[in-house]
Amino acid sequence: MKKYHLQKSIPQLSLIIILIVLSSCKISKPAVKDLKPIASQISVEDDWQNALKSSFRHHYKIVVNRHAKKMHANYPVITQDLLNMTLIRSNEEKVRFKMDKKAYFTFAHTSHTPLAIYSILYPSNFNVNNDSTLLKLNEYSLLIKNAEQGIKDVKHINENQKQRILSLLTKSNQYVQKIISDKKTSKEEFHDFAKSVRKLVEVNLNDGAKEQLTQFLKQLEEWKFSYPDENWDELRVVVLGFHQPRDLYALKIFFQWLLKEPSVERRVVYAEFQFSIFGNNQEKAEEHALVLLTKVDLEKEASLFLLGEETLLQKDVMGPAAAKILEEWGESKWFLGKN
């Protein structure tokens with residue numbers, strides 16, 4: 001057996017001992033579960049409410065982002081903007097649909113004619129004995145005459161529809177010419193004119209609505225056939241609008257009908273914007289709309305747990321309490337001249 005001799009120098013011996021000690025030690029990073037959160041350095045007296053607000057918004061933003069990924073991975077989403085829609089598939093592919101707008105716009109723009117006349121007459125309170133109003137009426141009369149000639153050459157609607165629109169334009173121009181000739185009219189006269197063309201406008205609007213619904217339904221059926229692996233039963237839709245969320249917004253009620261959606265927003269959500277949703281704003285508007293759709297989709301379970309009903313977080317959470325308080329207050333005394 002080979003023997004070690006003590007003739008080794010002291011520095012060498014010390015080095016050996018240090019290496020033995022180090023080799024017997026295990027150096028490891030602390031496990032994640034051992035980490036403890038460090039409390040924010042805040043002034044309790046001044047900042048505790050801001051701290052609660054900031055923390056809520058921070059964690060809520062995280063869960064919204066996570067739910068958005070989960071939502072897009074599990075079912076298709078449609079963003080609908082006026083006469084267009086975009087399908088966002090579960091693989092993140094986007095498929096754009098733009099409606100054929102020719103017939104729709106013909107019905108819509110010609111239906112506006114009586115309202116345009118009202119808009120010219122309203123500022124003067126239907127008193128047309130001034131040059132400004134008469135000038136506007138003459139200018140609009142020329143536009144109607146051009147439209148009367150133009151509608152005859154249109155190829156994208158049938159003959160009955162063309163004759164109906166021509167009748168609407170002719171009656172409208174006859175009323176405008178009467179005003180110009182008499183240099184007077186009244187709300188009563190306008191009302192009589194409006195009643196005389198109301199049925200024409202109503203049928204026009206019916207044809208316009210049918211154009212929308214028929215084309216959108218056909219496209220959805222084509223998508224469903226083309227992408228059979230998508231979870232179509234769980235389709236989510238967000239409708240983008242830049243006016244107030246009308247109760248009878250055509251494509252909102254179409255998707256509610258399609259998905260058998262109740263009046264509350266579960267799978268069909270309306271996103272209202274105070275700016276145009278087209279052109280350079282389109283991408284920004286779509287992003288905001290998808291965030292809203294995600295929140296509505298996410299908050300159902302939380303609303304059920306916290307408030308006992310899954311749609312309450314879609315409303316003002318203080319609304320039920322406010323309604324109860326107002327009921328207890330009884331009838332408003334505003335019109336009685338009392339405080």
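Helices in these legends are DSSP runs of H or I with at least four residues, numbered from the N terminus.

**View 1. Confidence along the chain.** This is a predicted model in which local features need pLDDT (the predictor's confidence in each residue, from 0 to 100) of at least 70 and side-chain atom pairs 80 or more, while totals for chains, interfaces and linings use all residues. Residues are numbered from 1 along each chain, and side-chain values use heavy atoms, without hydrogens or water. The protein chain has a mean pLDDT of 81, with 82% of its residues at 70 or more. Among its elements, helix α1 (residues 10-23) has the lowest mean, 41, and helix α6 (residues 159-182) the highest, 96.

**View 2. The N-terminal stretch.** Over residues 1-36, pLDDT stays under 50. Here the model has zero contacts (heavy atoms within 4.5 Å) beyond four places in sequence. Please go gently here: where pLDDT is low, the predicted coordinates should not be read in detail.

**View 3. Helix α6 and its two ends.** The 24 residues of α6 span 34 Å from first C-alpha to last, close to the 34 Å expected at 1.5 Å a residue (1.5 Å times one less than the number of residues). At the start of α6, look for Asn158: one of its side-chain oxygens comes to within 3.1 Å of the backbone nitrogen of Asn160. Just after α6 you will meet Lys183, whose phi is positive, at about 55°.

Terms used
Polar contact = N/O pair within 3.5 Å; in protein donor to acceptor, adjacent residues only side chain to side chain.
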